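Reader: Could you take me through one part of this model in detail? I would like to look closely at the sheet, from one edge to the other, and at what lies against it.

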Amino acid sequence: MKKSIAVMVIGGICLLSGCEDQLPENDLVNNGQAFEMKQAEDDVQAGNFPMMKKEKFIPLTELKENVRELLGDNYWPEVDLTKEELAQRIGITEEMYVDFLAEKQVLDAHIDTMIIVQAKEAYVGAVEQALENYRSAIIEENRDHPQNLGKAKASRMETIDNYVCFVLLGADTTAIAEQGEEQLIDYCQEENERALYVLEQDILEHLRD
């Protein structure tokens with residue numbers, strides 16, 4: 001009889017203190033983990049992503065202006081390619097890049113060009129391949145135009161971080177072309193190297209900031 005009363009008293013205390021709602025420690029831990037996982041899922045669905053590394057933004061027009069300042073009157077690209085032209089002419093589509101700058105001469109018969117593409121990390125290789133294909137196409141198109149052919153052969157591409165730079169420069173090569181293709185290529189390569197050096201220094205400086 002005393003045992004029955006004791007059991008009833010303990011049971012009453014548990015009811016008052018909420019014992020029947022308590023769980024073993026392990027179950028509490030598991031439920032806590034489940035709650036945290038559910039909360040994380042809710043955060044993702046709500047768009048509350050954790051802080052991610054902020055991507056550097058480099059004003060591409062500033063890079064161009066520095067090249068233009070270096071080359072002066074020998075910088076001949078003058079009209080921007082649209083994103084549609086970049087896709088149609090070169091094969092670089094919108095999903096491949098964060099930003100781009102592409103300039104060429106007004107007339108298609110003149111080929112001086114500069115292209116800077118801030119490629120998405122997953123597409124750096126694809127952008128490089130598209131520009132290499134573009135370079136090959138220009139060489140083939142100008143087989144019968146010695147001055148343009150020398151420029152095309154001297155064109156250069158360089159990747160700095162995820163910025164893919166393509167330069168096909170040289171401006172007026174009439175006098176140099178008379179000395180032969182080798183001299184023409186050497187001259188244009190030197191102009192392209194100068195432009196790439198400025199681009200590389202500017203991009204690296206921005207990335208360090």
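Author: Happy to! One definition first: two strands count as paired if DSSP finds at least two bridges between them. Please keep in mind that this is a predicted model.

The sheet is open and has 5 strands, in the order β1-β2-β3-β5-β4, with antiparallel pairing. Its edge strands are β1 (79–80) and β4 (156–160), each of which pairs on one side only.

Let's start at the β1 edge. β1 is joined to β2 (residues 97–104) by 2 bridges, and these two strands run antiparallel. Because pairing calls for at least two bridges, β1 and β2 count as a pair with their 2 bridges. Within this pairing, K104 of β2 stands opposite V79. V79 also contributes to the surface: together with V106 and L107 it makes a nonpolar patch of about 240 Å². L107 itself sits in the loop between β2 and β3.

Now for the other edge. Here 5 bridges link β4 with β5, again in an antiparallel arrangement. I160 stands opposite Y163 of β5. The hairpin made by β4 and β5 has 2 residues between the strands, and in this hairpin D161 adopts a positive phi near 60 degrees.

Finally, what lies against the sheet? Helix α8 (residues 181–208) packs on it, touching β3 (113–119), β4 and β5 (163–168). The direction of helix α8 makes about 160 degrees with that of β5. So β4, an edge strand by virtue of pairing on one side only, is among the strands that helix α8 touches, where contact means heavy atoms within 4.5 Å.

How values were computed
Residues numbered from 1 in each chain as written. Predicted model: local features only at pLDDT ≥ 70, side-chain atom pairs only at ≥ 80, totals over all residues. Heavy atoms only, no water. Helix = DSSP H or I, 4+ residues; strand = E, 2+ residues; numbered from the N terminus. Axes fitted to C-alpha atoms, helices over the stretch in contact; angles between N-to-C directions. Patch = residues over 30% accessible without salt bridge, like charges linked within 9 Å, V, L, I, M, F, W, Y side chains within 5 Å. Areas by Shrake-Rupley, 256 points an atom, 1.4 Å probe, with all protein chains shown as cover. Salt bridge = Lys/Arg side-chain N within 4 Å of Asp/Glu carboxyl O.
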